[in-house]
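User: Please pick one part of this model and look at it closely, then work outward from there. I have not seen this structure before, so name each element as you reach it.

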Amino acid sequence: MAIDPKILNELKEALLKEKAELEADLKRIAKPVDAPRGDYETSFDEVGTDREDNTTEVEEYADNLPVEMTLEKKLKDVIDALGKIEKGTYGICENCNQEIDIERLKANPSARTCIKCN
Ligand SMILES: [Zn+2]
């Protein structure tokens with residue numbers, strides 16, 4: 001894999017920044033189950049115990065769940081990408097094993113596949 005070390009470093013920085021942002025967003029609506037692996041569980045504030053409060057909590061949970069799942073999926077992509085940098089397999093399409101175009105990686109450092117396989 002012939003990614004320029006300087007560019008690779010920039011992509012790694014971008015991934016680390018994205019990871020921190022995603023974790024901060026997730027923490028607001030979810031609690032970590034296994035944070036290093038990016039596993040989170042949607043949580044909701046304990047508003048109260050009477051029926052009206054519980055309805056609010058359930059509604060909040062229903063609103064947060066899809067957001068949490070999207071963030072968690074993205075976070076896992078980022079964590080996997082960082083792991084690939086460590087292993088030296090970063091930038092290889094998971095589908096066809098070809099190198100992913102560097103411009104695509106710059107636009108989306110956590111991309112798992114090349115443009116053709118996307
Ligand atoms: Zn591919």
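**S110 and its surroundings**

Analyst: In this predicted model, the side chains of S110 and K74 are joined by a polar contact of 3.3 Å. S110 belongs to the segment after helix α3, and α3 itself covers residues 102–107. K74 falls within the range of helix α2, residues 51–87.

Is S110 buried or exposed? Its relative accessible area is 3%. Buried means under 20%, so S110 counts as buried. Apart from neighbours within four places in sequence, S110 is in contact with L15, E18, K74, D77, V78 and A81. Of these contacts, L15 and E18 have numbers inside helix α1, residues 5–29, while K74, D77, V78 and A81 have numbers inside α2.

L15 also appears in another list. The largest nonpolar core has 21 residues, and L15 is among those with the most contacts inside it, together with L26, L75, Y90 and L105. Both α1 and α2 supply at least two residues each to this core. The element that gives the most is α2, with seven residues.

The segment after α3 also takes part in a metal site. What coordinates the zinc ion? The donors are the SG atoms of C93, C96, C114 and C117, at 2.3 Å. The angles among these four donor atoms run from 104 to 115 degrees, and the site is tetrahedral. Along the chain, the donors follow the spacing C-x2-C-x17-C-x2-C. C93 lies in the loop between α2 and α3 and C114 in the segment after α3, so this pair ties together parts that are 21 residues apart in sequence. C93 and C114 are both buried.

N97 sits in that loop between α2 and α3 too. Unlike C93, which is buried, N97 counts as exposed because its relative accessibility is 57%, and exposed means over 50%. Its phi is near 65 degrees, a positive value in a residue other than glycine.

Other parts of the chain can be placed around this region. K6 is found in helix α1 and, at 59% relative accessibility, counts as exposed. K6 and D50 are 44 residues apart along the chain, and their C-alpha atoms are separated by 57 Å.

Between the ranges of α1 and α2 come two strands, β1 (residues 30–34) and β2 (residues 39–42). They pair in the antiparallel sense over four bridges, and D34 has D39 of β2 as its bridge partner. The two strands form a hairpin with four residues between them. G38, in the turn, has a positive phi of about 85 degrees.

To return to the starting point, S110 is buried and its side chain has a polar contact with that of K74. The segment after α3 holds S110 and also C114, one of the donors of the zinc ion.

Definitions and conventions:
Residues are numbered from 1 along each chain as its sequence is written. This is a predicted model: local features need pLDDT of at least 70, side-chain atom pairs count only at pLDDT 80 or more; totals for chains, interfaces and linings use all residues. Side-chain values use heavy atoms; hydrogens and water are left out. Buried means under 20% relative accessible area, exposed over 50%, partly exposed in between (1.4 Å probe, protein chains only). A polar contact is a pair of N or O atoms within 3.5 Å; within protein, one must be able to donate a hydrogen and the other to accept it, and residues adjacent in sequence count only if both atoms are side-chain atoms. Contact means heavy atoms within 4.5 Å. Donors are N, O and S atoms within 2.8 Å of the metal (3.2 Å for Na, K and Ca); water is not among the atoms, so sites may look incomplete. Four donors count as tetrahedral if all angles lie between 85 and 135 degrees; four count as square planar and six as octahedral if opposite donors are over 155 degrees apart and all others between 65 and 115; anything else is irregular. Two strands pair if DSSP finds at least two bridges between them. A nonpolar core is a set of buried Ala, Val, Leu, Ile, Met, Phe, Trp, Tyr and Cys residues joined through side-chain atoms within 4.5 Å.
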